[in-house]
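Okay everyone, thanks for coming. Have a look at the structure I'm putting up, and then I'll walk you through a few spots in it.

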Amino acid sequence: MSAETQLPSCGRFSDKALMNKKTPLVFRDMILPFILLTTCFAAWGVAANMTDPLVKVFSKIFTMSSLQSALVQFAYYGAYFCLALPAAFINRRFSYKTGVLTGLGFAALGAFMFYPASQSMAYGYFLAALFILAAGLSILETSANPFVIAMGPVENATRRLNLAQAFNPVGCNIGVFLGAALILTQLNPATAQERALMSAAELQAVQTTELNAVMLPYVGMACVLVLIWIAVAMLRIRPAREKVVAHSREVHFRATLGRLLANRHYRFGVIAQFFNVGAQTCVWTFTIQYVMDALSVDEVRGGDFLQYSLILFLLARFAMTWLMGYVRASALLAGLSVLAAALCLFMIMSPNIYGVWALVAISGCLSLMFPTIYGVALEGLGEDTKFGAAGLVMAILGGAILPLAQGAIIDSYGSALSFIVPALCFLVVGRYGLFDIKNAERSIGLLAPATR
């Protein structure tokens, strides 16, 4: 039997969960570890959404184009791509807990490196610090997502992951608040032309103040990550479902890779995740730019609308987790993806206050996409789950590549038209939702004769 035909569908898991309301969401002995692990989801939300405003911040501090400043996201999400596979080897050779601790350690190191970067006043050093920070978060995310899946019954794994991921936007909102309150408000209002007329000493003084403002919240976050590392290290954690593969120390990577590549359902899931993360990163990275152009306001006001977006994202994540108890996850994924694409097209045609609120509304559509794609794509992978999880995290590379394309369009045609990039991405995600629904119906049809 092929790897593809062995794959249970999301639809069947969701239907089982609907029929059996007594199925526990989390194993009883995993409740405390689950709660602790949700703090990790919040932590990388803080990091990711403090990073989004940096595109605009560095563009102003170092007087760069949108394409050049988008290298912030390239460094951040590029690290996710590079470290996801090593994280899978760590998880496979040791345990998810070891992967979580390794990720937290690297992330704390990268965040601490913002201090020497601010002293050097060089854009390249900030990119290096971001790369190490994101490398740690890549390992953390590659470990934490399947860790949560293993903490309860397989029937409601996608819903459980959505619940854990619901705390990610809590961190996202904190990250946006910190970025707006501690970074954006400290930017000097001088324009690029005015900075060009400053003396070297005056310009250095302005940049020093601005870069110190960038450094402070990252060093504070590093201290929090160290505290989470200590708490995780003190707990004895290993879900029963992880023991099945933890005892085997031999890694047959080529065979595992072959099975994953042959699995059409998983393969399409990786593609969908690539475009989903690309769309999410594009939307949040250039929210401030769009608001500034549409309403003729400054960076601080643009940051306010980014905050509104993340608040909606948070509320919608909890609402969607509840709704999944009644509606198939893949159906929600398909419907919200089409809605998000339509909102992008509306923004392009209406670059005004209505377009701005449409931009905010897209975050409500984004709320369920990442964990739903993740959970659906991993279902039925068995011992290949750890490497499958790495592939889905490597798909975050979309967040590194697609903002560069959108930044190039902004430089040439303006911010409004640039949102054609996330619009196309959402259509790919919606197609995956429809594919999973059809795959579920086909699988049920194949099983029907055996159940008569």
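Let's start at arginine 195, which is buried, with a relative accessible area of 3%. By buried I mean under 20% relative accessible area, while exposed means over 50% and partly exposed is in between, with a 1.4 Å probe and protein chains only. Before I go on, a quick caution: this is a predicted model, so local features need pLDDT of at least 70 and side-chain atom pairs count only at pLDDT 80 or more, whereas totals for chains, interfaces and linings use all residues. Residues are numbered from 1 along each chain as its sequence is written, and side-chain values use heavy atoms, with hydrogens and water left out.

So which side chain does arginine 195 meet in a salt bridge? That would be glutamate 210, at 2.7 Å, N to O. (A salt bridge here is a side-chain nitrogen of Lys or Arg within 4 Å of a carboxyl oxygen of Asp or Glu.) This pair links distant parts of the chain: arginine 195 sits in helix H11 (residues 192-196) and glutamate 210 in helix H12 (residues 200-234), 15 residues apart. Glutamate 210 counts as buried too, because its relative accessibility is 2%.

How many salt bridges does a search of the whole structure find? Two. The other pair is arginine 301 with aspartate 304, and their closest N and O atoms are 3.5 Å apart. Both of these residues lie in helix H17, three residues apart, which is about one turn of the helix. Arginine 301 is partly exposed at 34%, and aspartate 304 is partly exposed at 26%.

Now zoom out. The chain has 23 helices and zero strands; these are DSSP runs numbered from the N terminus, with helices (H or I) of at least four residues and strands (E) of at least two. Of its 452 residues, 58% count as buried. If you take the contacts with a separation of 6 or more, 86% of them are between residues 24 or more positions apart, where contact means heavy atoms within 4.5 Å.

For an enclosed piece, find helix H21 (residues 385-394). Nine of its ten residues are buried, so H21 is largely enclosed by the rest of the structure. Among those buried residues are Lys386, Phe387 and Leu392.

Next, phenylalanine 106, in helix H6 (residues 96-112). Buried or exposed? Partly exposed, in fact, with a relative accessible area of 40%. Leaving out residues up to four places away in sequence, phenylalanine 106 touches Ile132, Leu133, Gly136 and Ile139. Its C-alpha is 8.6 Å from that of isoleucine 139, although the two are 33 residues apart in sequence.

Last stop, the surface. Tyr308, Ile311, Leu315, Phe346, Ile353, Tyr354 and Trp357 form a nonpolar patch with about 700 Å² of accessible area together. Those areas come from the Shrake-Rupley method with a 1.4 Å probe, and for residues only the protein chains shown count as cover. Patches take residues with over 30% relative accessible area and no salt bridge, joining like charges within 9 Å and nonpolar side chains (Val, Leu, Ile, Met, Phe, Trp, Tyr) within 5 Å. Helix H17 (299-323) and helix H19 (353-366) each supply at least two residues of the nonpolar patch. One of the patch residues, leucine 315, is found in helix H17 and is exposed at 56%.

That's my tour, thanks!
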